Amino acid sequence: MGRSLVGWYRQSDSSFHIQQPDGTSNPFVYGDGGSTNFPFAGDWNGDGKDQVGFYRQSDGSFHLRKLDGGSQAFVYGDGGPGTYPVAGDWNGDDRDEVGFYRQGDGSFHLRKHDGTSVAFIYGDGGSNTFPFTVDHDGDGKDEVGFYRQSDGSFHIRRQDATSIAFSYGGGGAGTYPIGGNWDGDKPPANVPQVVTIATSRRSGGRSARRGRP
């Protein structure tokens, strides 16, 4: 377990700006930029260190940056407008995998390490819903959820496929979800730790990580 720090991604030049422990920034360029690219982050190899990645809507491709600066790229799904990336540890093995959310039908598509997929519909979708991931019960497995801008409601899917729903904030255009473990503690049952941020860009991925980055 480690300390989480934030960062931001600029679509125009594909630059990531990662906050350092002393408050300075560590910017670098990864990818070719563009308005259909959206960022996420995850621990791809289980070493306890997160790396960034980006998802290209136009071709459904995921691009994972390695610690040595190398890259792993693959296509997962068919992409297109209204698809947004997620990343999380779906099975509790301390390695994150990617997935995507399709607004059109409210479906999540989670990729496993062996390349197979788990797909399910959660919610009714719509252009004002956006995905996030969070380990709401502290069991080491991430759950997916969606945030509805129109009413500021969060909807979290439990491992047993039941649901938690609550409103936090007033919602509205320009608000987007993030999920993370802000204090490093295991949260009480049924008290998910999520907040919204108002931004001019859709983050699509996790802006904060649950305790590890």
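**Exercise 1. Work out how far apart in sequence the chain's contacts reach, and what the chain is built from.**

Start with contacts between residues at least 6 apart in sequence: in the chain, 42% of them join residues at least 24 apart. Keep in mind that this is a predicted model. Next, go through the secondary structure: the chain has 17 strands and zero helices. Last, check burial and surface. Of the 213 residues, 49% count as buried, and the chain exposes about 9500 Å², with carbon and sulfur atoms supplying 50% of that area.

**Exercise 2. Take strand β13 (residues 143-148) and decide whether it is largely enclosed or not.**

Step one: use the cut-off, where buried means under 20% relative accessible area. Step two: go along the strand. Six of the six residues are buried, so β13 is largely enclosed by the rest of the structure. Step three: sort the side chains by direction. E143, G145 and Y147 point one way, V144, F146 and R148 the other way, and all are buried.

**Exercise 3. Find the strands that pair with β13, and give a bridge partner for each.**

Try β12 (residues 129-134) to begin with. It pairs with β13 in the antiparallel sense over six bridges, and P131 has F146 of β13 as its bridge partner. Now move on to β14 (residues 153-157), which runs antiparallel to β13 and is joined to it by four bridges. Here Y147 is bridged to F154 in β14. To finish, look at the turn: β13 and β14 make a hairpin with four residues between them, and G152 in that turn has a positive phi of about 65 degrees.

**Exercise 4. Describe the second largest pocket: its space, its lining and the elements that contribute.**

First the space, which is about 300 Å³. Then the lining: 16 residues, with W90, N91, L110, D142 and Q159 nearest the centre of the pocket. The elements giving two or more residues to that lining are β10 (107-111), β11 (117-121) and β13. Finally, sort the lining by class, and you get eight charged, five nonpolar and three polar residues.

**Exercise 5. Locate D94 and A161, two non-glycine residues with positive phi, and say how exposed each is.**

D94 has a phi of about 70 degrees and sits in the loop between β8 (83-88) and β9 (97-102). Its relative accessible area is 45%, so D94 is partly exposed. For A161, phi is near 75 degrees, and the loop is the one between β14 and β15 (163-167). A161 has 45% relative accessibility and therefore counts as partly exposed.

How values were computed:
Residues numbered from 1 in each chain as written. Predicted model: local features only at pLDDT ≥ 70, side-chain atom pairs only at ≥ 80, totals over all residues. Heavy atoms only, no water. Buried < 20%, exposed > 50% of the residue type's maximum accessible area, 1.4 Å probe, protein only. Contact = heavy atoms within 4.5 Å. Areas by Shrake-Rupley, 256 points an atom, 1.4 Å probe, with all protein chains shown as cover. Pairing = 2+ DSSP bridges. 1 Å grid on protein atoms, 1.4 Å probe; cavity = no way out; pocket = protein on both sides within 12 Å on 5 of 7 lines; lining within 4 Å. Points joined across faces, edges and corners; volume = space filled by probe spheres on them. Nonpolar A, V, L, I, M, F, W, Y, C, P; charged D, E, K, R; others polar.
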